[in-house]
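The following exercises are meant for a reader who meets this structure for the first time. Each task is followed by a solution in steps.

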Amino acid sequence: TFKKVDTNVDISNSFSARPDTPAIILAKKVIKHFLSKDRPVLPKRYESFKLLDIPEINVIIKAAGSLFYDEANIVSVPLPCKIFGDIHGQLNDLLNFFDMYGSPNHYTGDVELTSYVFNGDFVDRGPHSLEVIVLLFSLKCLYPKKIYLVRGNHEDASVNQEYGFKKECVRRLPSTHGEAIW
C-alpha cells in the first residue's frame, strides 16, 4: 500500500516542464542508461545491482508510489498507446520491444506522442526484475501522464515472494537492504 509522501514530483504532461528534483534526476539517469543507443551489457543473473544505491532506489520508489497514490484506480489512457505485458523480469525482451516498436523516452523515443501501458507481471521468473521495476518506476516518475503501470498478480508480495523477486532483491542488493527494498 502506498501513502502520499512529499517528493516534489511535478505531474505535468510535458517533459520540458519537469523540474530537476532528486527523483527526476535519478529517473533520467536510469532511462538514459537503459534506453540510449549505446546501452551497456546487462549484468549476469547473480551480479550485484549497481545502477543505483539504496537511498537512490528509495527515492524512485517513493516518487513512483506518490504518483500511484494520486492516480485513480481506473484511468483513461490517451491515444495512441502501446501496450506491453508480462515482462517477468526479462529486461532484454523489454528493451528489444522498445527497439522494435519505439521507446518511451525523450532521447530517442516517442513518449511525447504516444502513451505506454505496462500490463502487470513486471517481476519474477526473469533474471533482471530489479532493472525492470526500476526502469518502469523511473519512466512513471519522468512521464506520469504518458506511462501507466497496471499491477498484475506478480506485484503481490505473496506471489513475488514465492516466484523469485524477493530472492533477487536479497541476493543482488547490499546486506540487509534487499528485504527492505522488496
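## Exercise 1: Pairing in the sheet

Val 117 stands opposite Tyr 148 in β3. The model is a predicted one.

**Task.** Starting from this pair, establish the order of the strands in the sheet and state which strands stand at its edges.

**Solution.**

Step 1. Strand β2 covers residues 115-119, and four bridges join β2 to β3 in a parallel arrangement.

Step 2. Strand β2 is also joined to β1, by five bridges, and these two strands run parallel as well. One position in this pairing is given by Gly 85, whose bridge partner in β2 is Asn 119.

Step 3. The result is an open sheet of three strands in the order β1-β2-β3, with parallel pairing. Because β1 (81-85) and β3 (147-150) have a single partner strand each, they stand at the edges, and one side of each lacks a neighbour in the sheet. On average, neighbouring strands of this sheet are turned by 15° against each other, direction ignored.

Step 4. Helix α4 (residues 129-142) packs on the sheet, where it touches β2 and β3. The direction of α4 makes about 135° with that of β3.

## Exercise 2: The chain as a whole

**Task.** Determine how many helices and strands the chain has, and in which pattern they follow one another.

**Solution.**

Step 1. The chain contains seven helices and three strands.

Step 2. Read along the sequence, these elements give the pattern α-α-β-α-β-α-β-α-α-α.

Step 3. The chain has 182 residues, of which 48% count as buried. Among contacts with a separation of 6 or more, 78% are made by residues 24 or more positions apart.

## Exercise 3: The nonpolar core

**Task.** Identify which residues of the largest nonpolar core touch the most other members, and which element supplies the largest share of this core.

**Solution.**

Step 1. The largest nonpolar core holds 46 residues, and those touching the most other members are Phe 34, Leu 52, Phe 98, Phe 118, Leu 135 and Leu 136.

Step 2. At least two residues of this core come from each of α1, α2, α3 (91-101), β2, α4, β3 and α6 (165-172). The largest share, 10 residues, is supplied by α4.

Step 3. Phe 118 may serve as an example. Leaving aside neighbours within four places in sequence, Phe 118 is in contact with Phe 84, Ile 87, Leu 94, Phe 98, Leu 136, Ile 147, Tyr 148, Leu 149 and Val 150.

Step 4. Strand β2 is mostly covered, with four of its five residues buried.

## Exercise 4: Backbone features around β1

**Task.** Locate the cis peptide bond, and decide whether Asp 86 is buried or partly exposed and whether His 88 is buried or exposed.

**Solution.**

Step 1. Leu 79 and Pro 80 are joined by a cis peptide bond with an omega of about -5°. Pro 80 belongs to the loop between α2 and β1.

Step 2. In the loop between β1 and α3 lies Asp 86, a residue other than glycine with a positive phi near 50°. His 88 is found in the loop between β1 and α3 and has a positive phi of about 50°, although it is not a glycine.

Step 3. The relative accessible area of Asp 86 is 48%, so Asp 86 is partly exposed. For His 88 the value is 11%, which means that His 88 is buried, the limit being under 20%.

## Exercise 5: Polar residues in loops, and the cysteines

**Task.** Describe the surroundings of Ser 36 and of Asp 110, and state how many disulfides the structure holds.

**Solution.**

Step 1. Ser 36 sits in the loop between α1 (22-35) and α2 (54-70) and is buried, at a relative accessible area of 16%. A polar atom of the Ser 36 side chain lies 3.0 Å from the backbone oxygen of Lys 32.

Step 2. Asp 110 is located in the loop between α3 and β2 and is buried, with a relative accessible area of 18%. Not counting residues up to four places away in sequence, Asp 110 touches Lys 82, Tyr 101, Gly 102, Ser 103, Asn 105 and Tyr 116.

Step 3. A search of the whole structure finds zero disulfides. Cys 81 is partly exposed at 27% relative accessibility, whereas Cys 141 is buried at 0%.

Definitions and conventions
Residues numbered from 1 in each chain as written. Predicted model: local features only at pLDDT ≥ 70, side-chain atom pairs only at ≥ 80, totals over all residues. Heavy atoms only, no water. Buried < 20%, exposed > 50% of the residue type's maximum accessible area, 1.4 Å probe, protein only. Polar contact = N/O pair within 3.5 Å; in protein donor to acceptor, adjacent residues only side chain to side chain. Disulfide = S-S within 2.5 Å. Pairing = 2+ DSSP bridges. Axes fitted to C-alpha atoms, helices over the stretch in contact; angles between N-to-C directions. Contact = heavy atoms within 4.5 Å. Core = buried A, V, L, I, M, F, W, Y, C linked by side-chain atoms within 4.5 Å.
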